[in-house]
Amino acid sequence: MLFGRLLQLLTNGYRVVLVFDAKSLPPAKRDQATTGRGGVVELERRFRRLAAALGVGSRTAAGEAEAELAMLYKEGHIDAVMDVRAFPSRKRTLRGAKRC
């Protein structure tokens, strides 16, 4: 499913950059314990290789990916954000996105 969404974005002319959480996340977020990365590490490694093969760049955030994306957006480096948790949904548009 992630591969299909990635291809859809690329086919429609979007430039995609993947931002992943740091290897170690803070133990708590908004006064609630975080669950850690669990089995995500292997999936992330495979998805990074796939993305690189398609010419898609990726980077690791200093902390949480959401904060890194917010900073990149605020500084004007990116035009839109799509959280990976949105990939399985049926949403078809990225608000504020600009095509190449």
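This report describes the fold, the nonpolar cores and one surface patch of a protein.

The model is predicted, and the protein in it has three helices and four strands, which follow one another from the N terminus in the order α-β-β-β-α-β-α. Of contacts between residues at least 6 apart in sequence, 66% join residues that are at least 24 apart.

Of the 100 residues, 22% count as buried. In soluble globular proteins, nonpolar side chains tend to be buried together. Here the largest nonpolar core has nine residues, namely Leu6, Leu9, Tyr14, Val16, Leu18, Phe20, Phe47, Ala51 and Val56. At least two residues of this core come from each of the three elements in the table below.

| Element | Residues |
|---|---|
| Helix 1 | 2-11 |
| Strand 1 | 17-20 |
| Helix 2 | 40-53 |

Val16 is a member of this core, and, when its neighbours within four places in sequence are left aside, Val16 is in contact with Leu6, Leu9, Leu10, Val56 and Gly57. Another core, which lies apart from the largest one, has six residues, including Ala61, Leu69, Leu72 and Ile78.

Turning to the surface, the protein exposes about 7400 Å², of which carbon and sulfur atoms supply 55%. A nonpolar patch on the surface is formed by Phe3, Leu7 and Leu54, which together have about 220 Å² of accessible area. Is Phe3, a residue of this patch, buried, partly exposed or exposed? Phe3, whose place is in helix 1, counts as partly exposed because its relative accessibility is 38%, and partly exposed covers the range between under 20%, which is buried, and over 50%, which is exposed.

Terms used:
Residues numbered from 1 in each chain as written. Predicted model: local features only at pLDDT ≥ 70, side-chain atom pairs only at ≥ 80, totals over all residues. Heavy atoms only, no water. Core = buried A, V, L, I, M, F, W, Y, C linked by side-chain atoms within 4.5 Å. Buried < 20%, exposed > 50% of the residue type's maximum accessible area, 1.4 Å probe, protein only. Contact = heavy atoms within 4.5 Å. Areas by Shrake-Rupley, 256 points an atom, 1.4 Å probe, with all protein chains shown as cover. Patch = residues over 30% accessible without salt bridge, like charges linked within 9 Å, V, L, I, M, F, W, Y side chains within 5 Å. Salt bridge = Lys/Arg side-chain N within 4 Å of Asp/Glu carboxyl O.
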